[in-house]
Amino acid sequence: MTKRTSYCGALRSEHIGSKAHLYGWAAKTRNLGSLIFIDLRDRAGTVQLAFDENTAPEVLDAAKSVRSEFVLEVVGVVRKRSAENPDIPTGDVEIAVSELKILARSETPPFEISDDCKTAEQIRMKHRYLDLRRPTLQNALITRHKIAKLTRDYFDEHGFIEIETPTLIKSTPEGARDYLVPSRVHKGKFYALPQSPQLYKQLTMVAGFDRYIQIARCYRDEDLRADRQPEFTQIDIEMSFAEQEDILRLAEGYIQCLFKRTLNIDIGAIPRMTYKEAMERYGSDKPDLRYGLEIIDADDLLPGTKMICVPSKLPRKQVDKFNELLKGIGGKGVVTQSAKFITDEQRSELFARADANDGDDDHTLLLSRDSLSQIGYLRTELAKSLDIIPKGVFKPVWILEFPFFIWDDEIGDWVAAHHPFTAPLDECLPYLETDKGAVRAKAYDLVLNGIEMSSGSIRITDPELQGRIFTLLGLTDEEARRKFGFLLDAFRYGVPPHGGMAFGLDRLVMQLLERDSLRDVVAFPKLQNASEPMTDAPDIVDAKQLSDLGIDMR
């Protein structure tokens, strides 16, 4: 049993006079001759160790030999710190050390173990075990643990059963590339790592478990970005005998609970808007509601024109920058209210429509004939440039009624916007074959501050409708049987109506802690090129391993 009496960062003034037995790493040492101070760090924080004229000579000699990142065992008495440090929670106490044991020595680390470290990320990732000693990263992982526990508790209280599903599965189309795993026993055949537990969790509904949850590892062979990793964790849920409203209410309660118990923030009721409204107002199906800059329709005044009203006078150079920005993503660009083709009467009406009647003195109208998504991109870049995105503000929103099909310019046809088990809205069923652009889905996303936090849908359980959808997606009966036969067979034996969703755990933690990247909340993440420099993964394998798998490299 451990001798530890406390974590370093847990000591407070109420512990003065008590004995402390601590373990940790030497974060900083200060040798002042007759006085030696060492900051001892563990996962809970740091506390100052003090060595003075009252310290035994052998203990003082040991303290003099301590260097950064040595692992120490310390016994002493908690006393009031003579020079208090208000910047840390333990700043009014210190340990008068009576015993000191060096448990492990350390070479000089390749970078400073501090939150102010400016060392390149590539180097810190190479030594991620050292980078993880930094307080912000340790706090992020501890917060992640607390969120996972809260999640299990919340859904357990609502009758959900945690069920693990396989991570070696059949490759099925889910919108992204699979990571394939060759089979040694079945040469020439491959497993896939799951993009999600989608089909298995639907099978748990057929099995009668009614309410399923899993904190699941998932894998997608996609290009990386700040809010995406090739392997990630999602909070996966599915409910039988539930309509969309039931799932939204349950999920909303979870988010409210999460914010209250993690940040002590009352998030309130989460607003809702349709996909169509989100695109028309914000140019995005992931709108950031922390700031305004809504898109205003000016089509009746200037055909094909949309505008954004900026509540400040933008200099010409800045307008030119935004003009080039739009052109850089294939757009036509922007003009302001000063454009020569705009009449005085039109200009006056534009300002009135933007509720900016004081006109040119305090506002700039940016007008464009580009697509809504391009103008939405402009809106986001405007907010960043003007520095109007507030910190510590959280604005979730539900986006509903997504398109069932989207047009793919590359193949010149409509393709599924979701996985093929998403149900269309009942009123859209007559248009499935005749007007794909008018079909909307029983699909819903939860968006927080411009980032998708969760996605879900009501599932198709009618075999005839499922067959229609497969046909519309270009699957023959034979292909549908080969890819999804096990699910279709299961549906023959009494499938309940059901639906579900999945929250990105990594993204939730990233957003709650207001971090810029998933790499700040994941213990051992991948870099932009999906590599892990610490272990040099991915790596080559030897010829025998390939031979066992029946694989030849070209």
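**Figure 1. Glutamate 514 and helix α13 in the predicted model.** In this predicted model, glutamate 514 follows directly after α13 and adopts a positive phi of about 55°. The helix that precedes glutamate 514 is mostly covered, with eight of its eight residues buried. These buried residues of α13 are Leu505, Asp506, Arg507, Leu508, Val509, Met510, Gln511 and Leu512. Two of the residues named here recur in later views: Leu508 of α13 is among the contacts of isoleucine 235, and Leu512 is among those of phenylalanine 259.

**Figure 2. The cis peptide bond between alanine 537 and proline 538.** Alanine 537 and proline 538 are joined by a cis peptide bond, for which omega is about 0°. Proline 538 belongs to the loop between α13 (505-512) and α14 (543-549).

**Figure 3. The largest nonpolar core and isoleucine 235.** The largest nonpolar core contains 44 residues, of which Phe155, Ile235, Tyr254, Ile255 and Phe503 touch the most other members. The greatest contribution to this core is made by helix α6 (residues 244-263), which supplies nine residues. A second, separate core has 24 residues, including Ile38, Val47, Val66 and Leu72. In soluble globular proteins, nonpolar side chains tend to be buried together. Isoleucine 235, apart from neighbours within four places in sequence, contacts Thr151, Phe155, Ile213, Gln214, Ile215, Tyr254, Met501, Ala502, Phe503, Leu505 and Leu508.

**Figure 4. Phenylalanine 259 in helix α6.** Phenylalanine 259 is part of helix α6. The residue counts as buried because its relative accessibility is 1%, under the 20% limit. When neighbours within four places in sequence are set aside, phenylalanine 259 is in contact with Asn264, Ile265, Ile267, Phe394, Leu448 and Leu512. One of these partners, phenylalanine 394, is 135 residues from phenylalanine 259 along the chain, and the two C-alpha atoms are separated by 9.4 Å.

**Figure 5. Two non-glycine residues with positive phi, asparagine 264 and aspartate 210.** Asparagine 264, although not a glycine, has a positive phi of about 55°. Asparagine 264 is placed in the loop between α6 and β11 (272-274), and it counts as exposed because its relative accessibility of 56% is over 50%. Aspartate 210 also has a positive phi, near 75°, and is a residue other than glycine. The loop between α5 (198-206) and β9 (211-219) contains aspartate 210. With a relative accessible area of 31%, aspartate 210 is partly exposed.

**Figure 6. Serine 368 and its surroundings.** Serine 368 is situated in strand β15 (residues 364-368). Its relative accessibility is 4%, so serine 368 counts as buried. The side chains of serine 368 and aspartate 370 are joined by a polar contact of 3.0 Å. Beyond neighbours within four places in sequence, serine 368 contacts Gly304, Thr305, Lys306, Leu326, Gly333, Val334 and Ile375.

**Figure 7. Glycine 304 in the loop between β12 and β13.** Glycine 304 occupies the loop between β12 (295-297) and β13 (306-310). At 33% relative accessibility, this glycine counts as partly exposed, whereas its contact partner serine 368 counts as buried. Residues up to four places away in sequence not being counted, glycine 304 touches Asp299, Ser368 and Arg369. Between glycine 304 and arginine 379 there are 18 Å in space, C-alpha to C-alpha, for residues 75 apart in sequence.

**Figure 8. The packing of helices α8 and α10.** Two packed helices are described by the angle between their axes and the distance between the axes. For helix α8 (residues 316-328) and helix α10 (residues 372-386), the axes come within 10 Å and cross at roughly 145°. This crossing of α8 and α10 is right-handed. On α8, the contact is made by Gln318, Lys321, Phe322, Leu325 and Leu326. On α10, the contributing residues are Gln374, Tyr377, Leu378, Glu381, Leu382, Ser385 and Leu386. By class, the α8 and α10 contact comprises seven nonpolar, three polar and two charged residues. Leu326, one of the α8 residues in this contact, is also in contact with serine 368.

**Figure 9. The chain as a whole, as context for the close-up views.** The chain has 14 helices and 21 strands. Its C-alpha atoms fill a box of roughly 90 × 75 × 50 Å along the principal axes. Of the 554 residues in the chain, 46% are buried. Among contacts between residues at least 6 apart in sequence, 66% join residues at least 24 apart.

How values were computed. Residues numbered from 1 in each chain as written. Predicted model: local features only at pLDDT ≥ 70, side-chain atom pairs only at ≥ 80, totals over all residues. Heavy atoms only, no water. Axes fitted to C-alpha atoms, helices over the stretch in contact; angles between N-to-C directions. Helix = DSSP H or I, 4+ residues; strand = E, 2+ residues; numbered from the N terminus. Left-handed = near helix turned anticlockwise from the far one by under 90°. Contact = heavy atoms within 4.5 Å. Nonpolar A, V, L, I, M, F, W, Y, C, P; charged D, E, K, R; others polar. Buried < 20%, exposed > 50% of the residue type's maximum accessible area, 1.4 Å probe, protein only. Polar contact = N/O pair within 3.5 Å; in protein donor to acceptor, adjacent residues only side chain to side chain. Core = buried A, V, L, I, M, F, W, Y, C linked by side-chain atoms within 4.5 Å.
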